Amino acid sequence: MTEFLLARIAEDEASARAAGGLAWLDGDHPTRSAVIADAAGDAVVYSEGIAWEPQATHIARWHPARVLVECEVKRRLIAEHLEPCPTLRLLGLTYCDHEDYLEDWRP
(Lines give C-alpha, C1' and ligand atoms only; values in the text may rest on other atoms or scores of the structure.)
Protein backbone atom coordinates (compact mmCIF):
# COMPACT_ATOMS: atom_id res chain seq x y z
CA MET A 1 0.00 0.00 0.00
CA THR A 2 2.87 2.36 0.78
CA GLU A 3 4.24 1.95 -2.75
CA PHE A 4 0.81 2.60 -4.22
CA LEU A 5 0.33 5.77 -2.16
CA LEU A 6 3.77 7.16 -2.96
CA ALA A 7 3.20 6.56 -6.68
CA ARG A 8 -0.14 8.40 -6.60
CA ILE A 9 1.37 11.26 -4.63
CA ALA A 10 4.18 11.51 -7.20
CA GLU A 11 1.53 11.74 -9.94
CA ASP A 12 -0.32 14.49 -8.06
CA GLU A 13 2.94 16.35 -7.54
CA ALA A 14 3.94 16.07 -11.21
CA SER A 15 0.54 17.38 -12.27
CA ALA A 16 0.78 20.35 -9.88
CA ARG A 17 4.29 21.19 -11.06
CA ALA A 18 3.20 20.94 -14.71
CA ALA A 19 0.42 23.43 -13.89
CA GLY A 20 3.00 25.91 -12.65
CA GLY A 21 3.19 25.01 -8.97
CA LEU A 22 1.80 28.41 -7.96
CA ALA A 23 -1.27 29.62 -6.09
CA TRP A 24 -4.29 30.74 -8.13
CA LEU A 25 -6.95 33.33 -7.39
CA ASP A 26 -10.47 33.15 -8.77
CA GLY A 27 -12.35 35.98 -10.41
CA ASP A 28 -15.35 36.70 -12.59
CA HIS A 29 -15.36 37.07 -16.33
CA PRO A 30 -18.18 38.66 -18.37
CA THR A 31 -18.76 35.41 -20.29
CA ARG A 32 -19.26 33.52 -17.01
CA SER A 33 -16.09 31.55 -17.63
CA ALA A 34 -13.73 31.39 -14.69
CA VAL A 35 -10.56 33.38 -15.03
CA ILE A 36 -7.86 32.22 -12.69
CA ALA A 37 -4.67 34.19 -12.21
CA ASP A 38 -1.55 32.60 -10.81
CA ALA A 39 0.79 34.42 -8.46
CA ALA A 40 2.76 35.79 -11.43
CA GLY A 41 -0.42 37.34 -12.83
CA ASP A 42 -0.72 34.95 -15.76
CA ALA A 43 -4.33 34.11 -16.57
CA VAL A 44 -5.60 30.59 -16.91
CA VAL A 45 -9.10 30.37 -18.34
CA TYR A 46 -11.42 27.56 -17.36
CA SER A 47 -14.15 27.26 -19.96
CA GLU A 48 -15.65 23.78 -19.82
CA GLY A 49 -19.15 24.78 -20.76
CA ILE A 50 -20.39 27.63 -18.64
CA ALA A 51 -18.39 27.92 -15.46
CA TRP A 52 -20.11 29.32 -12.43
CA GLU A 53 -18.69 30.89 -9.31
CA PRO A 54 -18.55 27.75 -7.13
CA GLN A 55 -16.55 25.97 -9.85
CA ALA A 56 -14.10 28.84 -10.14
CA THR A 57 -13.71 29.01 -6.37
CA HIS A 58 -13.14 25.26 -6.16
CA ILE A 59 -10.53 25.30 -8.93
CA ALA A 60 -8.70 28.20 -7.33
CA ARG A 61 -8.83 26.55 -3.89
CA TRP A 62 -7.14 23.39 -5.22
CA HIS A 63 -4.34 25.32 -6.87
CA PRO A 64 -0.96 23.71 -7.66
CA ALA A 65 0.83 25.22 -4.64
CA ARG A 66 -1.74 23.71 -2.27
CA VAL A 67 -1.43 20.31 -3.95
CA LEU A 68 2.35 20.41 -3.51
CA VAL A 69 1.95 21.08 0.22
CA GLU A 70 -0.58 18.26 0.52
CA CYS A 71 1.82 15.89 -1.25
CA GLU A 72 4.50 16.71 1.32
CA VAL A 73 2.06 16.23 4.21
CA LYS A 74 0.98 12.84 2.85
CA ARG A 75 4.61 11.73 2.44
CA ARG A 76 5.34 12.68 6.05
CA LEU A 77 2.29 10.79 7.27
CA ILE A 78 3.35 7.73 5.31
CA ALA A 79 6.83 7.92 6.83
CA GLU A 80 5.22 7.76 10.28
CA HIS A 81 3.04 4.78 9.34
CA LEU A 82 5.08 2.26 7.36
CA GLU A 83 2.54 -0.57 7.53
CA PRO A 84 -0.98 -0.45 6.07
CA CYS A 85 -2.46 0.89 9.29
CA PRO A 86 -5.83 2.63 9.53
CA THR A 87 -4.20 5.99 8.77
CA LEU A 88 -2.75 4.77 5.47
CA ARG A 89 -6.00 3.06 4.57
CA LEU A 90 -7.75 6.41 5.04
CA LEU A 91 -5.17 8.18 2.87
CA GLY A 92 -5.69 5.50 0.26
CA LEU A 93 -9.39 6.31 -0.04
CA THR A 94 -8.37 9.42 -1.95
CA TYR A 95 -7.24 7.14 -4.75
CA CYS A 96 -9.90 4.40 -4.51
CA ASP A 97 -10.93 5.00 -8.14
CA HIS A 98 -7.42 4.15 -9.39
CA GLU A 99 -7.13 0.85 -11.24
CA ASP A 100 -4.34 -0.36 -8.91
CA TYR A 101 -6.30 0.29 -5.70
CA LEU A 102 -7.11 -2.91 -3.86
CA GLU A 103 -10.47 -3.21 -2.14
CA ASP A 104 -8.70 -5.01 0.74
CA TRP A 105 -7.21 -1.62 1.64
CA ARG A 106 -10.62 -0.03 2.17
CA PRO A 107 -11.11 0.85 5.85
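## Exercises on a predicted model

Phe4 is buried, with a relative accessible area of 7%. The model is predicted. The exercises start from this residue.

**Exercise 1. Which ring pairs with Phe4, and is the pair stacked, tilted or edge-to-face?**

Solution.
- Start with the total: the structure holds 4 aromatic pairs.
- One of them joins Phe4 and Trp105, with ring centres 5.0 Å apart and planes at 45°.
- Planes under 30 degrees apart would be stacked, and over 60 edge-to-face. The angle of 45° falls between these limits, so the Phe4–Trp105 pair is tilted.
- Now place the partners. Phe4 belongs to helix H1 and Trp105 to the segment after H4, so the pair ties together parts 101 residues apart in sequence.
- Check the burial of the second partner: Trp105 has a relative accessible area of 13% and is buried.
- Widen the view: ring pairs link Phe4, Tyr95, Tyr101 and Trp105 into a cluster.

**Exercise 2. Which residues form the largest nonpolar core, and which element gives the most to this core?**

Solution.
- The largest nonpolar core has 12 residues.
- Its aromatic members are Phe4, Tyr95, Tyr101 and Trp105. The others are Met1, Leu5, Ile9, Cys71, Ile78, Cys85, Leu88 and Leu91.
- Sort by element: helix H1 (2-18), helix H3 (64-80) and helix H4 (86-92) give two or more residues each.
- H1 gives the most, with 3 residues.
- The general background: in soluble globular proteins, nonpolar side chains tend to be buried together.

**Exercise 3. Which residues does Tyr101 touch, leaving out those up to four places away in sequence?**

Solution.
- Begin with Phe4, which is in the contact list of Tyr101.
- Add Gly92, Leu93, Tyr95 and Cys96.
- Finish with Arg106 and Pro107.
- Compare with the ring cluster: Tyr101 is linked there with Phe4, Tyr95 and Trp105.

**Exercise 4. Which residues do salt bridges with shared partners join into one network?**

Solution.
- A search of the whole structure gives 6 salt bridges.
- Take Glu13 and Arg17: their side chains meet at 3.4 Å, N to O. Both residues lie in helix H1, 4 residues apart, about one turn of the helix.
- Arg17 has a relative accessible area of 54%. Exposed means over 50%, so Arg17 is exposed.
- Take Arg75 and Glu13: this salt bridge has an N to O distance of 2.9 Å. Arg75 is in helix H3 and Glu13 in helix H1, so the pair ties together parts 62 residues apart in sequence.
- Arg75 counts as partly exposed, at 24% relative accessibility.
- Join the bridges through their shared partners: the network holds Glu13, Arg17 and Arg75.

**Exercise 5. Which side chain meets Arg106 in a salt bridge, and which ring does the charged end of Arg66 sit over?**

Solution.
- Arg106 meets the side chain of Glu103, at 2.8 Å, N to O.
- The relative accessible area of Arg106 is 36%, and this residue is partly exposed.
- The charged end of Arg66 sits over the ring of Trp62, 4.2 Å from its centre.

**Exercise 6. In what order do the elements run, and how much of the protein is buried?**

Solution.
- Count the elements: 4 helices and 3 strands.
- Read from the N terminus: α-β-β-β-α-α-α.
- Of the 107 residues, 28% count as buried.
- Among contacts with a separation of 6 or more, 50% come from residues 24 or more positions apart.
- The accessible surface comes to about 7000 Å², and 56% of it belongs to carbon and sulfur atoms.

Notes: Residues are numbered from 1 along each chain as its sequence is written. This is a predicted model: local features need pLDDT of at least 70, side-chain atom pairs count only at pLDDT 80 or more; totals for chains, interfaces and linings use all residues. Side-chain values use heavy atoms; hydrogens and water are left out. A nonpolar core is a set of buried Ala, Val, Leu, Ile, Met, Phe, Trp, Tyr and Cys residues joined through side-chain atoms within 4.5 Å. Buried means under 20% relative accessible area, exposed over 50%, partly exposed in between (1.4 Å probe, protein chains only). Contact means heavy atoms within 4.5 Å. A salt bridge is a side-chain nitrogen of Lys or Arg within 4 Å of a carboxyl oxygen of Asp or Glu. Rings of Phe, Tyr and Trp (its six-membered ring) pair if their centres lie within 6.5 Å; planes under 30 degrees apart count as stacked, over 60 as edge-to-face and the rest as tilted. A charge sits over a ring if NZ of Lys or CZ of Arg is within 6 Å of the ring centre and within 35 degrees of the ring normal. Accessible areas come from the Shrake-Rupley method with a 1.4 Å probe; for residues, only the protein chains shown count as cover.
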